[in-house]
Amino acid sequence: MRFLTKLVSSAAIAACITGAGAQTLGPVASGASAGESSGNPAQSSLPVKQFGSVLSENVRWQAFPAFPPQARLAVLVGEPAKPGPYVVRVKLPGGVKLMPHTHPEDRIYTVVSGVFYIGLGTTFDPDKLQAYAPGSVVVLPANTPHFHWAKSGDYMTQVAGSGPLGIQYVDPHDDPRNLAGK
């Protein structure tokens, strides 16, 4: 199976805060754990206006400070911190929750594996979760409060949007970046 390719940047993704308080994707920094990546770390994500491909076994998974520590993110296409199209993948292990949050950009999720549970609202409510099987496509308009739960096991989604990518938690206490160092 072939996916858009080249390898993801050799660095993990860090977050920065814009003046309006929205959390956006910032510069990359190293930090993938052993066994989470393969390939040439000198290569970067696939540029948007150039032919290329990436094999699934070469996707470089990295920690993302705006997610719980067990979650992983991989940048496949573009530079999510900058204006323009991007494609990322997100992997959550079973049981992990992403509390209510918003994104400043429109997003299109494609479920790659597992069951993707997403609910709309500013409060985490398991009764509002909708389950989406592999192959499902979900459109999430910008600034829509929502939450995720890897309720029935691991899942992986591919997210396409136009950057800059950002995330802002409804309750700042739920933001893992606010827990760092505490």
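Here are three short exercises on ring pairs, a charge over a ring and one unusual backbone angle.

The model is predicted, so local features need pLDDT of at least 70 and side-chain atom pairs count only at pLDDT 80 or more, while totals for chains, interfaces and linings use all residues. Residues are numbered from 1 along each chain as its sequence is written, and side-chain values use heavy atoms, leaving out hydrogens and water.

**Exercise 1.** Classify the pair formed by the rings of Phe-124 and Trp-149.

*Solution.* Start with the rule: rings of Phe, Tyr and Trp (its six-membered ring) pair if their centres lie within 6.5 Å; planes under 30 degrees apart count as stacked, over 60 as edge-to-face and the rest as tilted. Five aromatic pairs result from this rule. Next, take the values for Phe-124 and Trp-149: the centres are 5.9 Å apart and the planes are at 65 degrees, so the pair is edge-to-face. Finally, check the surroundings: Phe-124 and Trp-149 are both buried (under 20% relative accessible area, with exposed over 50% and partly exposed in between; 1.4 Å probe, protein chains only).

**Exercise 2.** Find which charged end sits over the ring of Trp-149.

*Solution.* First, the test: NZ of Lys or CZ of Arg must be within 6 Å of the ring centre and within 35 degrees of the ring normal. Then the result: Lys-97 has its charged end over this ring, 4.7 Å from the centre.

**Exercise 3.** Describe Asn-143: what is its phi, and is the residue buried or exposed?

*Solution.* Look at the backbone: phi is near 65 degrees, a positive value in a residue other than glycine. Now the surface: Asn-143 has 51% relative accessibility, so this residue counts as exposed.
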